[in-house]
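The following exercises concern a ligand shell and a sheet with its covering helices. Each task is followed by a worked solution.

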Amino acid sequence: MQAGSEQLGSPCEQLAPLLHGAEAANRLGISVAAVLPAGGSGERMGGGTPKQFCNILERPLISHTVQAFERVTWIRDIVVVVTEDNLDLMKSIIQQYGHSRVTLVEGGATRHRSIFNGLRAFAENKPLGFQLSKPEVVIIHDAVRPFVDEDILFKVTTSAKECGASGAIRPLVSTVIASTPDGCLDHSLERARHRASEMPQAFAFDIIYQAYLQCSDYDLDYGTECLHLAQKYCNKKAKLIEGSPDLWKVTYKRDLYATESIIKDNLLQQVCIITDMKEDTVQVGFLLHEILKTQVKQVKGISSSLCKNVHHLQNMFTEQCFNFIGINDKDSNFFGTQHIVDVLKSTSLAVLYPVVLVSVHLIVSENMSYSSRVEELSGIRELAKEAKKKNILVYGLLMDYTKDNLRLRETVTQGTTVITALIKDRSPGLIGQMLVV
Ligand SMILES: Nc1ccn([C@@H]2O[C@H](COP(=O)(O)OP(=O)(O)OP(=O)(O)O)[C@@H](O)[C@H]2O)c(=O)n1
Ligand SMILES: O=C(CO)[C@H](O)[C@H](O)COP(=O)(O)O
């Protein structure tokens with residue numbers, strides 16, 4: 001923590017301890033809704049598509065942010081504010097990705113005007129064809145900040161309930177300076193005493209709505225800070241809460257690349273290994289498990305006989321798992337892989353993120369040539385092409401199997417490197433390829 005941060009404290013009481021889901025809803029004892037302004041044009045990013053509709057892992061950024069809110073069961077309604085031009089696009093996103101708690105409202109010429117329209121939808125109950133009731137606390141969050149988690153949402157909501165207004169902050173990365181009209185340094189601010197104001201922010205609904213009703217056109221056209229409006233017009237000093245570094249706003253093109261990398265990194269954290277009960281596959285599965293768990297947070301093994309539906313696969317994980325490794329023995333082809341693909345297809349798992357399945361095949365080098373085995377396994381291309389239609393990325397990996405434990409460990413170590421690269425990249429370009437280690 002930087003020196004001077006204690007000066008940013010507010011008169012509010014200590015925060016309530018963190019709770020989740022139904023427990024959090026009970027403890028809060030209030031109705032909570034959210035407004036996500038998404039009516040901007042993304043000038044600083046450039047390109048024809050406003051950044052909230054740019055694809056991240058083949059899904060629009062706005063859907064990732066909405067998903068982050070829909071995971072939080074105690075947020076009742078989510079109002080997304082978009083321009084008239086993008087209403088149909090947003091409706092199709094809601095339908096395609098199964099967003100069930102979203103109501104659409106038309107945006108305004110500036111961010112503040114869009115937020116105001118979102119709040120009006122609750123106060124005047126005139127959203128486009130829906131009925132909304134006024135919440136006690138409303139969370140405001142830019143649609144282009146996809147990494148918002150339940151912890152920070154709960155903290156700002158609890159504080160808003162107690163103090164009327166609350167917002168996430170981060171330490172400044174650069175020092176802020178003021179310049180003179182002729183472009184010279186006027187003065188610089190003491191960095192430790194200042195913070196970057198981020199999102200989410202939460203407000204007692206009546207306070208922020210009153211602030212917007214009273215504020216000037218200048219505020220609506222040039223203002224950048226909702227907390228400021230609550231202070232200026234309703235005399236509410238916001239409680240400031242230190243947020244995580246991931247709360248930053250997607251503003252420039254490079255932020256899209258960073259977003260994709262962070263999501264890919266998060267997706268890599270859980271892997272499920274599926275083997276049958278044959279000695280060779282069990283042995284390879286055991287080694288893979290041992291090596292993978294030095295790199296990945298959660299690795300679970302399951303027998304293929306238990307892989308009957310996706311609940312069997314997912315029950316072992318704290319979050320949903322989007323990576324699977326199927327180990328097939330030296331004599332079998334794709335029966336096991338096709339079965340896993342069918343199980344994955346029967347669910348909506350791959351609607352949100354591309355699911356990776358690495359189909360590992362063992363080869364006993366003494367009595368089989370690589371080229372003939374690769375030829376035998378060429379059917380993976382067709383299988384992968386079909387699976388891709390359902391957002392399942394299938395890759396093949398041929399591994400030398402030997403009874404020599406040291407050599408086998410070496411091969412499996414190389415195989416693990418290839419598998420983690422495939423999972424991390426989630427490249428559609430490599431599907432259906434049979435890689436060899
Ligand atoms: N008239 C506007 C302008 C902005 N926003 C939303 O406010 C959030 C934060 O604004 P910003 O990053 O400035 O987005 P843009 O205005 O799209 O970007 P730029 O300033 O580069 O044009 C975004 O989710 C954006 O869609 C909005 O709802 N209505
Ligand atoms: O951080 C914020 C408020 O605290 C807003 O995201 C920020 O003000 C948006 O401003 P701009 O539209 O100019 O990027």
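**Exercise 1.** Determine which strand gives the largest share of the shell around ligand 2, and classify the shell residues.

*Solution.* Strand β10 (residues 195-204) contributes the largest share, 3 residues; strands (E, at least two residues) and helices (H or I, at least four) are DSSP runs numbered from the N terminus. This is a predicted model, in which local features need pLDDT of at least 70, side-chain atom pairs count only at pLDDT 80 or more, and totals for chains, interfaces and linings use all residues. Residues are numbered from 1 along each chain as its sequence is written, while chains are lettered from A and ligands numbered from 1 in the order in which they are written.

Next, list the shell: Arg-111, Asp-142, Ser-197, Glu-198, Met-199, Thr-224, Glu-225 and Lys-249 surround ligand 2 (C-beta atom, placed from the backbone, within 6 Å). Finally, sorting by class gives 5 charged, 2 polar and 1 nonpolar residues (Asp, Glu, Lys and Arg are charged; Ala, Val, Leu, Ile, Met, Phe, Trp, Tyr, Cys and Pro nonpolar; the others, Gly among them, polar).

**Exercise 2.** Establish the strand order of the open sheet of 6 strands and identify its edges.

*Solution.* The order is β13-β12-β14-β15-β16-β17, with parallel pairing (at least two DSSP bridges between two strands). The edges are β13 (298-303) and β17 (434-436), each of which pairs on one side only. Within the sheet, β14 (residues 323-328) and β15 (residues 355-363) are joined over 6 bridges, and Ile-325 is opposite Val-358 in β15.
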